Amino acid sequence: MEPDPALGAVKTYRYLRVALVALVVLLFAAVALEWWATGRSCVQGSISAYFHTPVQAVFVGVLVTMGVCLIALKGNTEAEDILLNIAGMLAPGVAFVPTAEVGACRSVPFVVADVPARVANNMQALFVAGALVGLAVFAIARREAAGGGLGRWERLGLVGTVLLLGGGAAWFYVDRELFLSLAHGFAAVPMFLCIIAVIWLNGRDAQQSVRAGAAPAANVRYVAAYRGISTAMLVALVVTVVVSLATRSSSLVLWVEVVLITLFAVFWVVQTAELWSKGLRRG
């Protein structure tokens, strides 16, 4: 019996979404184990600050893998797909440029590492890989266009990729010191804003599908879920930024980030449930 390509595609979407949830569990488990190893007496000021603890490898690995998953996932709409790609491109930047906050809570003595050298190596490798992938995507898009030229969304996606990679590289080479101090936040905040926009678009798209009769009326519960998650994530992100700027270091930032990342995982659980047998809403 020949395998069904459509079923294979549905399973691929399903597994990618489940993988994103599993990555959140992996990150939280690593942080919890580090907290336990400190005698449960203290926590870092933020999730990102755990980069400077034994959690580092998991933190970097989770963000890089999340980036790949977000880029690999096809959005239900062209706008959603571009937002997922942007979030996926930003995720490795969050991982490779650590937060300046080191914190005092760790299970082992802090070892001073050559952060500038590490960032220089990792980011330049990311720029090279991003440029090559961008060229490959451009070639594939032109081939699929079959001489008809690239569509509006393809052009927009390619321009966004060039601006993101080019802007990041220019900042990196022109002002390395400022890049080291600010790039982590400048990548993290837009990454989450893209995800929030993706969730909001899912609510709008799910509602349109119900109204058009393409989805059962019972699916209106997913509309409410997407709207609630996107709103809660936006509030959590704003609180995180405000508290971080006001205090520079506070365990409140950590707990708000925990809420933010948990809601990120909840979204993928909800979308997996809604699209379990379809893969894409309009597939």
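**Exercise 1. Work out how Tyr50 sits in the model: buried or exposed?**

Solution. Tyr50 has a relative accessible area of 1%, so it counts as buried (buried is under 20% relative accessible area, exposed over 50%, partly exposed in between, with a 1.4 Å probe and protein chains only). A quick note before going on: this is a predicted model, where local features need pLDDT of at least 70, side-chain atom pairs count only at pLDDT 80 or more, and totals for chains, interfaces and linings use all residues. Residues are numbered from 1 along each chain as its sequence is written, and side-chain values use heavy atoms, with hydrogens and water left out.

Next, place Tyr50: the residue belongs to the loop between α1 and α2 (helices are DSSP runs of H or I with at least four residues, strands are E runs of at least two, both numbered from the N terminus). Then list its partners, skipping neighbours within four places in sequence: Val31, Glu34, Val43, Gln44, Val55, Gln56 and Leu254 are in contact with Tyr50 (contact is heavy atoms within 4.5 Å). Last, check a distance: Ala30 is 20 residues away in sequence, and the two C-alpha atoms are 9.4 Å apart.

**Exercise 2. Stay in that loop and describe Arg40.**

Solution. Start with the location: Arg40 is also in the loop between α1 and α2. Now the backbone: its phi is positive, about 55°, although Arg40 is not a glycine. Finally the exposure: the relative accessibility is 47%, so Arg40 counts as partly exposed.

**Exercise 3. Which residues touch the most other members of the largest nonpolar core?**

Solution. First, the term: a nonpolar core is a set of buried Ala, Val, Leu, Ile, Met, Phe, Trp, Tyr and Cys residues joined through side-chain atoms within 4.5 Å. The largest one holds 68 residues, and Leu20, Phe59, Met123, Met233, Phe264 and Trp268 touch the most other members. Next, see who contributes: α1 (5-37), α2 (56-72), α3, α4 (115-145), α5 (152-174), α6 (176-211), α7 (220-247) and α8 (251-274) each supply at least two residues. The biggest share comes from α6, with 13 residues. Then zoom in on Trp268: not counting residues up to four places away in sequence, it touches Arg17, Leu20, Val21, Leu70, Leu73 and Leu84.

**Exercise 4. Compare the settings of Asp81 and Trp171.**

Solution. Take Asp81 first: this residue lies in helix α3 (residues 78-96). Its relative accessibility is 13%, so Asp81 counts as buried. Beyond its neighbours within four places in sequence, Asp81 is in contact with Leu73, Lys74 and Gly75.

Now Trp171, which lies in helix α5. At 23% relative accessibility, Trp171 counts as partly exposed. Leaving aside neighbours within four places in sequence, its contacts are Arg176, Leu178, Phe179, Leu182, Ala183 and Phe186. For Ala183, the C-alpha to C-alpha distance is 9.1 Å across 12 residues of sequence.

**Exercise 5. How many helices and strands are there, and does the overall size agree with a compact globule or disagree?**

Solution. Count the elements: 8 helices and 0 strands. For the size, a compact globule of 283 residues would have a radius of gyration near 19 Å, and the protein has 20 Å, so the two agree (the radius is taken over C-alpha atoms, and the globule rule is 2.2 Å times the number of residues to the power 0.38). The C-alpha box along the principal axes is roughly 55 × 45 × 45 Å. To finish, 43% of the 283 residues count as buried, and among contacts between residues at least 6 apart in sequence, 77% join residues at least 24 apart.
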